[in-house]
Amino acid sequence: MVPAVGDAADLLRRARRVVVFTGAGMSAESGVPTFRDARTGLWRRFDPHALATPEAFDADPALVWGWYEWRRQLVRRAEPHPGHRAVAAIEARVPTVLITQNVDDLHERAGSRAPLHLHGSLFAARCSACDDPAPVPDGAPEPADGRRLPPPRCARCAGPVRPGVVWFGEALPPDALAAAVDAASGCDLLLTVGTSGLVHPAAEIPLVTARLGGSVIQVNPERTPLDPVAAVNLRGPAAEVLPALVDAAWGATARR
Ligand code: OAD
């Protein structure tokens, strides 16, 4: 059992409105790489300027589409872990808004109803020219990382279809951001899980809660800039800490 889990469980049991705020570390134990891990992080192995900006897509749409198709296939093969299911168990117990920076669908597959995807989704796509939503191909051939795959064409205007994710230099989806700020302002407890807290404006969400007097619990094996803001820092991996937290708050039956 992680030290301090009892303190966190007390806060969770007493909370009337909860926000769970997740980042790439939430999915790490499902086999989905984070961005900034020193060894396996995506931004250690790949150049974000060449893959995750509108300019990169304009310059080489097949390189960018192929890379996102590789990530989509990786996520399709991954399964949610007990931490994702513990988040769904919290939602079942107390009014909760789940805000995620992740573009995977592991929260949904673990039973979370309607996560706010602040950075978009691998399973949404739209035309880069006219913005019309476009279907994400189902059985596309699996490219190796770095292999080009030409994007589909928009059914309306024949423009190249782009991934429905937020790229560097782009604004967050305004409705999701407004709902996230609203939830963070109105909750009495925010649980931040598996985020480095380095990418803005998403990183400000826990600060909104803290500034307004709500409590913040952090789950992360490493130190982050959010450490001083958190009332309790649970230093461990999400797949272990979150189930332990739910069990300590409500007993093991809460996760069934
Ligand atoms: P990062 O890769 O920056 O940070 C991942 C965090 O997860 C780190 O603090 C790790 O210590 C922690 N971590 C690793 N394994 C963990 C585990 N098993 N359990 C809990 N925590 C663990 O990922 P994000 O903070 O999500 O943006 O990155 C934010 C944004 O940067 C992403 O949404 C993405 C990226 O550029 C866009 O694509 C727009």
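1. A word on terms before the notes: buried area here is the accessible area, taken with a 1.4 Å probe, that two parts lose on being put together, summed over both. By that reckoning, domain 1 and domain 2 bury about 810 Å² between them, and carbon and sulfur atoms give 66% of it. Keep in mind that this is a predicted model.

2. What are the two parts? The domain assignment splits the chain into domain 1 (1-30 + 80-119 + 172-256) and domain 2 (33-77 + 121-165). Going by C-alpha atoms, their centres sit 27 Å apart. On the domain 1 side 11 residues take part in the contact, and on the domain 2 side 10 residues do.

3. Now for what holds polar or charged atoms across that interface. The rule turns up zero salt bridges between domain 1 and domain 2. It does find two residue pairs in polar contact, both at pLDDT 80 or more. As for the side of domain 1 that touches domain 2, its residues sort into five nonpolar, three polar and three charged.

4. On to the ligand. How many residues surround it? There are 22, and the closest are Arg 36, His 119, Thr 195, Ser 196 and Asn 220. Sorted by type, the shell holds 10 nonpolar, nine polar and three charged residues.

5. Which domains supply that shell? Domain 1 and domain 2 each put in at least three residues.

6. A few polar pairs are worth a look on screen. A ligand oxygen lies 2.8 Å from an N or O atom in the side chain of Asn 220, and a ligand nitrogen is 2.9 Å from an N or O atom in the Glu 29 side chain. The backbone joins in too: a polar backbone atom of Ala 24 is 2.8 Å from an oxygen of the ligand. Taken alone, the ligand would expose 800 Å², and the protein buries 89% of that.

How values were computed:
Residues are numbered from 1 along each chain as its sequence is written. This is a predicted model: local features need pLDDT of at least 70, side-chain atom pairs count only at pLDDT 80 or more; totals for chains, interfaces and linings use all residues. Side-chain values use heavy atoms; hydrogens and water are left out. A residue is near a molecule or strand if one of its heavy atoms lies within 4 Å of it. A polar contact is a pair of N or O atoms within 3.5 Å; within protein, one must be able to donate a hydrogen and the other to accept it, and residues adjacent in sequence count only if both atoms are side-chain atoms. Accessible areas come from the Shrake-Rupley method with a 1.4 Å probe; for residues, only the protein chains shown count as cover. Ala, Val, Leu, Ile, Met, Phe, Trp, Tyr, Cys and Pro count as nonpolar, Asp, Glu, Lys and Arg as charged, and the others, Gly among them, as polar. Domain bounds come from an automatic or database domain assignment. Contact means heavy atoms within 4.5 Å. A salt bridge is a side-chain nitrogen of Lys or Arg within 4 Å of a carboxyl oxygen of Asp or Glu.
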